[in-house]
Amino acid sequence: MIYFNNTATSFPKPENVIKAVIEILNSPPTHSSRSGIEEESQDIFFTCRIKLAKLFNAPDPIRIVFTSGSTEALNLAIKGLDLQGGHIVSTKIEHNSVIRPLKTLEEEGKIELTFVDCDKYGYVESGNIENAIHQNTKAIIVNHCSNVTGAVLDIKTISAIAKKHSCKIIVDASQAAGCLPIDVRDWEIDLMAFTGHKSLFGLQGIGGLYIRDGIELKPLKTGGTGIKSEYLTQPKIMPIYYEAGTQNLPGVVSLNAGLDFISETGIDVIQRKKERHISYITDELKNYDRITIYNSINNSSGTVFTFNIDGMVPEEVNYILESSYNIHVRSGLHCAPLMLDALNVRPWGTVRASPSYFSTDEEVEKFIMAIKEIMRSFAGKK
Amino acid sequence: MKVIQEKKIEGCLEGNNVWDLLLDDVITKEIIFYLGKKGKLLYIDSFEKPYFRIIVRSKYTVKGTQSNKSIRVFLPDNQNINLLDDLKSYIAEYSI
């Protein structure tokens with residue numbers, strides 16, 4: 001099987017990730033998830049937080065809390081901040097993990113909401129975000145990198161705009177974490193959500209939220225923490241204030257190993273290889289009249305090849321790739337429905353291919369060959 | 001040939017009434033052309049595995065790949081899934 005759906009979930013995982021997960025599953029669960037508060041060096045949770053803090057240049061590892069993924073992290077950020085009565089600026093490149101919590105708050109009459117337009121490549125000009133700010137705007141919520149086109153927004157500038165207007169900035173780094181350089185300290189990010197199962201090479205079900213010192217959120221959940229059990233309410237101690245319940249040890253172990261892989265291989269090396277694949281695919285197919293390519297050219301992560309073939313619905317291209325060639329891509333709206341009009345792909349969306357660091361040149365060649373065959377075979381057929 | 005399992009396909013294509021039908025044997029060129037009698041058949045054998053699409057007007061569209069064991073059926077959004085039973089009966093009538 002050729003797996004080109006790494007934007008959704010990365011596969012395969014590095015060997016050291018698989019080994020670490022197997023080891024932890026074969027070990028008795030004496031590895032307390034809470035021991036790190038007192039015994040930092042022994043605790044995989046704290047070790048992982050240190051590595052994440054290094055990757056994101058976060059000043060303090062305990063300001064990173066683990067969640068089940070970006071969706072939970074974004075819900076914690078959006079519902080945990082006091083946004084009641086305020087106006088929120090977001091963008092049309094957001095994933096449903098941002099759109100749905102915001103639209104829910106809007107429907108409940110708690111917030112006003114503006115989604116700023118993007119261009120046909122999914123890029124959002126920082127100036128347009130500033131123009132959308134009202135007097136009562138409380139937060140700007142932006143996707144660092146589009147999962148549809150790979151467009152990368154200028155988070156440093158957008159964050160400066162937020163500071164200028166006394167707004168909080170929440171960044172969805174689901175695609176960017178492990179793929180692009182991130183500097184939460186220099187960029188003065190207030191809250192940043194990330195997931196472990198994409199470019200950080202971890203398992204599904206692990207992610208986290210960076211919470212800048214001084215930001216206090218209302219927890220999404222309360223309950224057991226393994227320490228401070230005499231408290232009858234949630235102990236206001238970082239990070240357990242936001243981490244009630246049994247923690248995802250295999251997930252954290254996988255994330256920790258994924259971070260080791262990134263550190264040893266080099267984020268730039270990983271990124272360059274993915275960019276090389278996308279650049280080659282784009283060069284090979286861009287001159288065909290029947291193909292429309294949507295991946296961002298400038299300000300791009302260079303990790304996705306998003307396209308449509310004239311006269312074919314994306315689902316059919318996807319189905320043929322999967323069933324006739326055993327090539328797994330993704331078609332549809334990619335959970336980013338507000339981008340449809342900007343890309344002019346209503347109602348069916350696009351096809352998205354996202355190779356990984358582990359994808360081979362032969363796999364890329366086979367994908368290109370398959371697309372050319374599909375275009376040739378469907379010429380004149382509807 | 002029989003349909004031994006059916007599964008509704010959920011995905012980003014919200015609003016579609018899409019079903020996968022698992023057959024008890026692999027799909028041959030003969031059964032593709034048998035199914036094709038129900039409507040307009042598109043058969044492409046230049047792919048690694050030949051692909052087919054059958055459009056039965058006002059009823060459904062069937063897609064599949066030769067040598068696989070499942071077909072995908074697209075019903076109109078508002079269409080009753082009883083149409084699947086008609087298709088399953090037609091498949092059951094097929095014999096080599």
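Which residue of S4(A) does Ile88(A) stand opposite? In this predicted model, Ile88(A) faces Leu113(A) in S4(A). Local features were accepted at pLDDT of at least 70 and side-chain atom pairs at pLDDT 80 or more, whereas totals for chains, interfaces and linings use all residues of the predicted model. Residues are numbered from 1 along each chain as its sequence is written, chains are lettered from A and ligands numbered from 1 in the order in which they are written, and side-chain values use heavy atoms, with hydrogens and water left out.

The pair just named belongs to strand S3 (residues 86-91) of chain A and S4(A), which run parallel and are joined by six bridges. Helices (H or I, at least four residues) and strands (E, at least two) are DSSP runs numbered from the N terminus, and two strands count as paired if DSSP finds at least two bridges between them. In chain A, seven strands make up an open sheet of mixed pairing, in the order S2-S8-S7-S6-S5-S3-S4. Its edges are strand S2 (64-67) and strand S4 (111-116), each of which pairs on one side only. On average, neighbouring strands of this sheet are turned by 20° against each other, direction ignored. Helix H4 (residues 96-107) of chain A packs on the sheet and touches S3, S4, strand S5 (137-143) and strand S6 (168-172), contact meaning heavy atoms within 4.5 Å. The direction of H4 makes about 145° with that of S4(A); axes are lines fitted to C-alpha atoms, for helices over the stretch in contact, and angles run from 0 to 180 degrees between N-to-C directions.

Chain B contains an open sheet of six strands with antiparallel pairing, ordered S1-S2-S6-S5-S4-S3. Strand S1 (3-8) and strand S3 (40-44) of chain B stand at the edges with a single partner strand each, so one side of each has no neighbour in the sheet. The average turn between neighbouring strands of this sheet is 20°, direction ignored. Strand S5 (residues 60-65) and strand S6 (residues 70-75) of chain B pair in the antiparallel sense over four bridges, and Lys63(B) stands opposite Arg72(B) in S6(B). Helix H1 (residues 29-36) of chain B packs on the sheet, touching S3 and strand S4 (51-56), and its direction makes about 155° with that of S3(B).

Arg72(B) also takes part in the interface, where it forms a salt bridge with Glu315(A), the closest N and O atoms being 3.3 Å apart. A salt bridge is a side-chain nitrogen of Lys or Arg within 4 Å of a carboxyl oxygen of Asp or Glu. Five salt bridges are found across the interface of chain A and chain B, together with ten residue pairs in polar contact, both residues at pLDDT 80 or more. A polar contact is a pair of N or O atoms within 3.5 Å; within protein, one must be able to donate a hydrogen and the other to accept it, and residues adjacent in sequence count only if both atoms are side-chain atoms. On the chain A side, helix H9 (314-325), strand S12 (330-332) and helix H11 (361-377) each supply at least two residues. H9(A) gives the most, with seven residues. The residues of this side divide into nine nonpolar, six polar and seven charged, where Ala, Val, Leu, Ile, Met, Phe, Trp, Tyr, Cys and Pro count as nonpolar, Asp, Glu, Lys and Arg as charged, and the others, Gly among them, as polar.

The contact takes 22 residues from chain A and 22 residues from chain B. Between them the chains bury about 1,800 Å², 54% of it on carbon and sulfur atoms. Buried area is the accessible area (1.4 Å probe) that two parts lose on being put together, summed over both. In chain A, Glu315(A), Tyr319(A) and Ser324(A) lose the most area to chain B, together 32% of what that side buries.

Over all chains, 27 salt bridges are found. One of them joins Lys221(A) to Glu72(A), with the closest N and O atoms 3.0 Å apart.

The peptide bond from Phe11(A) to Pro12(A) is cis, with omega near 0°. A cis peptide bond also joins Met238(A) and Pro239(A), with omega about -5°.
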